[in-house]
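Please look through the sequence and the model that follow, and keep both at hand while you read the explanation. It moves from single residues to whole chains and then to the places where parts touch.

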Amino acid sequence: MRPGKMLREVLGSIFKKPATNLYPAQKLDMPDRFRGKLKFYPERCIGCKMCMRDCPTNAITINKVADNKFEAVFDLSRCIYCAQCVDSCPKKALEPTKEVELAQLDKNKLRVVFSYKENK
Amino acid sequence: MLGELVYIFIFPGFVFLINFAWIAEFIDRKIYARLQNRVGPPWFQPVADFIKLLSKEDIVPAASNPKMFKIAPLFALASAITAFFYIPLWKVDALFSFNGDVIVVLYLLTLPTLAFFIGGWYSTSLYSRIGSVRSLMQLFAYEVPLFMGILSSALLADTWSLREIAVFYTRHPYVWMFNLLGFAIALVSLLGKLEKVPFDIPEAETEVVAGGFTEYSGRMLAFLRMTLDVEMIVGSALLALVFFPFGLNLHPVIGFLIFIIKILFIISLVSLLRTVVARLRMDQMINFCWKYLVPLALLQLLFNLAMKGIFFR
Amino acid sequence: MHNSKDFKIPIGPQHPALKEPEGFSVALKGEKILGVDIRLGYNHRGIEKAAEERTYIQDIYLIERVCGICSHSHSTCFIQAVEEIAGLAVPRRALYIRTIIGELERIHSHLLWLGVAGHEIGFDTLLMYSWRDREVVMDILASITGNRVNYGMNTIGGVRRDISPEQSQEILIALDILEERTKYYIEIATQESTIIKRLSGVGVLSREDVLRLDAVGPTARASGVKRDVRADDPYAAYGELEFKVITDERCDVYGRTVVRVKELMESYKIIRQALKNLPDGPIAIKAPRKIPAGEALSRYEAPRGEDVHYVRANGTEKPERVKIRAPTLANIQAVKHMLRDRYLADMPIVIAAIDPCFSCTDRRIALKEQESATGKIISWPALHAYSLEWYKKQGIDFTALNKKLRAKGLTE
């Protein structure tokens with residue numbers, strides 16, 4: 001029983017690389033299943049609005065722009081990135097991405113619209 | 001006269017000492033971080049902290065005694081810097097020396113602790129009062145081993161003057177190796193003076209928010225932190241002279257480099273000790289100091305007395 | 001030297017020793033503690049009421065965010081209660097996956113606690129090292145579930161994501177690394193003399209006191225009381241797995257440290273067994289949206305102790321009543337008892353030793369009227385009227401706004 005039991009480990013750390021990640025110079029790679037910002041495929045959406053029913057915070061709104069064409073409006077400040085909408089969608093029109101750097105200075109930029117683009 | 005003014009204000013006095021104190025704080029924090037497998041602060045961190053604190057507002061609590069509250073940091077800083085002028089650094093001479101200046105230097109190093117107590121007590125907030133009282137209780141524990149360790153080296157040299165100690169050890173090389181036990185004791189006690197783990201009880205962040213420093217902000221806090229850094233340099237310089245008095249009669253530049261290396265060595269030992277132990281409780285610290293450090297210091301004193309009788313009659 | 005008057009020092013609600021707000025008012029004489037007054041409620045967020053306004057699927061995510069460190073415990077406990085009311089037969093693979101994630105969460109929580117305990121006694125080096133090793137667990141959890149905390153793994157009727165064989169391999173490799181590091185921490189905790197000095201004899205809670213004050217979790221197990229929901233009332237896959245319930249006889253903070261570190265070793269064993277015996281099959285069955293009427297109580301062994309959830313359903317999509325009793329609420333009564341006749345320096349580590357999670361703790365409080373001797377419970381409309389009166393006395397009149405909101409149907 002003596003003090004300083006961690007001495008050997010601590011001295012060994014001088015020769016190791018520090019365990020700190022030098023963000024933002026070094027950015028980390030997120031794993032595959034990471035739940036970041038969501039992506040919406042307007043061509044697959046059928047307007048059933050199951051995602052709106054299941055969202056815990058009412059972060060997603062589906063608007064009808066034309067017959068059988070829908071757009072999605074996300075409020076990123078309300079989204080909790082749980083990806084329940086991804087599971088609820090019967091047509092797999094929503095997908096999580098790995099994007100996590102979503103901070104903005106202007107609150108209006110947090111309202112993201114995925115509009116319907118015509119297929120040429 | 002001009003030479004003495006330069007000594008006091010520029011080199012190695014005020015300007016050099018403050019810069020060296022900042023460099024010492026950086027080295028201490030960097031070594032502490034690297035030992036914990038982290039990156040640590042950049043080289044300008046202590047300077048940046050000082051400038052930031054100077055730019056903040058000074059808040060004086062309404063219930064406190066404003067005069068004592070404001071004077072305490074300046075008093076602490078002034079006495080720590082004054083102690084530096086009596087210590088020979090890289091040659092045998094210091095700026096002023098007389099017989100008995102070992103005691104004066106140790107006394108001048110005790111004054112900052114008293115100033116911390118006064119500042120904390122007159123802050124009248126609960127955390128400050130508890131922290132300041134703890135500062136003084138800690139003084140009971142570490143002061144005696146510190147004094148005994150340093151005086152054991154002075155005993156071997158048969159003098160109370162720092163200059164004469166330097167002269168004695170320069171005349172008899174390798175004799176300083178007799179004092180290594182005293183060095184270990186003085187180093188552990190120095191941790192108590194500098195309020196570093198395991199003896200950072202007055203400033204324990206998780207118990208009393210910042211101890212005696214709780215109510216300070218702005219310029220006064222900047223000076224208090226600088227006092228701790230300057231105390232580290234002064235304490236290390238004192239230990240370096242008393243326990244490692246070699247290289248004092250060489251060419252000044254080489255002597256200066258040797259002095260820097262000695263100080264850095266002592267600072268790294270302090271950082272290492274700070275990393276590997278937890279904080280002790282007050283009663284455990286007093287127990288430890290009086291049960292273990294003081295008998296070892298007595299042993300060192302007896303050994304030195306015997307050596308003096310045998311070799312240096 | 002000592003201040004001869006007794007004075008009361010507030011530790012909290014904001015204090016560097018506490019990770020979450022809590023009001024302790026400590027009566028001191030010098031360095032000795034004479035008594036402690038505890039005041040809860042700073043973290044009350046109205047979760048139980050919010051749970052009544054949302055459907056069951058939305059509630060999973062709400063209940064998960066009761067606490068960041070024991071989030072899977074709360075969500076699994078809630079879902080177990082709902083599945084019992086609905087009479088769903090959850091597939092075995094889902095139960096095993098829930099167990100694996102639960103044990104990974106226990107590892108994460110205990111390593112976090114080790115760091116926090118080190119910080120409270122001034123040993124920052126232990127904090128840095130144990131949190132560095134905790135990153136291994138966080139990365140594994142991120143690659144399986146998609147997030148480092150708040151895993152979102154559960155759904156009513158099973159789990160949402162599967163564990164592929166490659167991920168099983170990753171988990172096993174990570175467990176080997178962690179086991180080696182945990183053995184090092186056991187060595188440090190049992191042999192470093194400053195740690196032993198700070199932690200021994202502090203926060204003593206005898207066996208009789210545990211039974212009287214109803215402490216749960218490692219706080220109780222360190223006093224020799226064998227109380228573990230995983231063994232007493234097996235849920236998920238624990239009935240089919242072999243593990244030991246760790247107890248210790250020391251009854252103090254040091255004993256709690258030893259219990260937690262040894263529980264880490266048991267968790268590695270459980271996860272290895274579960275991965276080896278992972279049954280095939282579906283990971284979820286389809287659950288109805290409307291849960292039939294009924295009520296259920298479910299218990300779960302969170303890293304901090306026994307977590308109890310009560311759910312009452314009435315045939316609609318939203319629950320009628322959800323009640324959560326977190327383990328810290330059971331342990332906090334013991335803190336008063338543990339701090340008598342101790343020093344102020346012991347206060348942070350004693351509070352940290354019960355592993356407090358005040359976010360879990362603050363639930364519905366019963367407000368009593370000040371004048372009455374026994375205390376009468378105030379109902380919601382009466383509280384509303386009282387608040388309007390109070391603001392009127394301060395000079396702010398809410399009656400016009402209240403009328404507008406009542407017309408819209410947004411208030412009573």
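A:Ala83 counts as buried, because 22 C-beta neighbours lie inside 10 Å, and the cut-off for that label is 20 or more. Please bear in mind from the start that this is a predicted model, and that every value in the text is computed from it. The backbone of A:Ala83 also deserves a look, since this residue has a positive phi of about 65° although it is not a glycine. Along the chain, A:Ala83 sits in the loop between S3 and helix H3 (84–88) of chain A.

A second residue in chain A can be set beside this one. A:Asn68, which is likewise a residue other than glycine, has a positive phi, with a value near 65°. This residue belongs to the loop between strand S2 (60–66) and strand S3 (69–75) of chain A. Is A:Asn68 buried or exposed? With 10 other C-beta atoms within 10 Å, A:Asn68 is exposed, because the limit for that label is 12 or fewer.

Another backbone feature of chain A concerns a peptide bond. The bond that joins A:Tyr23 and A:Pro24 is cis, with an omega of about 0°, and A:Pro24 lies in the loop between helix H1 (7–12) and strand S1 (38–40) of chain A. Chain B offers a cis bond as well, from B:Val197 to B:Pro198, where omega is near 5°. In this case the proline, B:Pro198, is found in the loop between helix H8 (180–193) and helix H9 (218–243) of chain B.

From these details we can step back to chain A as a whole. Its secondary structure comes to three helices and five strands, and from the N terminus on these elements run α-β-α-β-β-α-β-β. The radius of gyration of chain A is 22 Å, well over the 14 Å that the globule rule gives for 120 residues, so chain A is more spread out than a compact globule. Along the principal axes, the C-alpha trace of chain A spans about 75 × 30 × 30 Å. Of the 120 residues in chain A, 22% are buried. If we take the contacts in chain A with a separation of 6 or more, 68% of them are between residues 24 or more positions apart.

Chain B can be read in the same order of topics. Which elements make up the secondary structure of chain B? There are eleven helices and zero strands, and along the sequence the pattern is accordingly written as α-α-α-α-α-α-α-α-α-α-α. A compact globule with 313 residues would have a radius of gyration near 20 Å, and the 19 Å of chain B agrees with that expectation. The C-alpha atoms of chain B fill a box of roughly 60 × 50 × 40 Å, taken along the principal axes. Among the 313 residues of chain B, 50% count as buried. Of the contacts in chain B with a separation of 6 or more, 80% are accounted for by residues 24 or more positions apart.

Chain C brings us to the way two helices pack. Two packed helices are described by the angle between their axes and the distance between the axes. In chain C, the axes of helix H6 (residues 165–191) and helix H11 (residues 253–276) come within 10 Å and cross at roughly 160°. H6(C) and H11(C) are therefore roughly antiparallel to each other, and their crossing is left-handed. Among the residues that meet are C:Leu172, C:Leu175 and C:Tyr185 in H6(C), and C:Val261, C:Leu264 and C:Tyr268 in H11(C). By class, this contact has 14 nonpolar, three polar and two charged residues.

Finally, we can follow the contacts from one chain to another. Chain C touches chain B through 25 residues, which are in contact with 25 residues of chain B. On the chain C side, strand S1 (7–11), helix H4 (92–120), helix H5 (124–145), helix H7 (193–199) and helix H13 (347–353) each supply at least two residues, and the largest share, four residues, comes from H7(C). Sorted by class, the side of chain C that touches chain B has 14 nonpolar, six polar and five charged residues. Chain A also reaches chain C, with 18 residues of chain A in contact with 19 residues of chain C. The side of chain A that touches chain C has eleven nonpolar, one polar and six charged residues.

Notes: Residues numbered from 1 in each chain as written. Chains lettered and ligands numbered in written order. Predicted model: local features only at pLDDT ≥ 70, side-chain atom pairs only at ≥ 80, totals over all residues. Axes fitted to C-alpha atoms, helices over the stretch in contact; angles between N-to-C directions. Parallel < 35°, antiparallel > 145°, perpendicular 65-115°, else oblique. Left-handed = near helix turned anticlockwise from the far one by under 90°. Contact = placed C-beta atoms within 7 Å. Nonpolar A, V, L, I, M, F, W, Y, C, P; charged D, E, K, R; others polar. Rg over C-alpha atoms; globule rule 2.2 N^0.38 Å.
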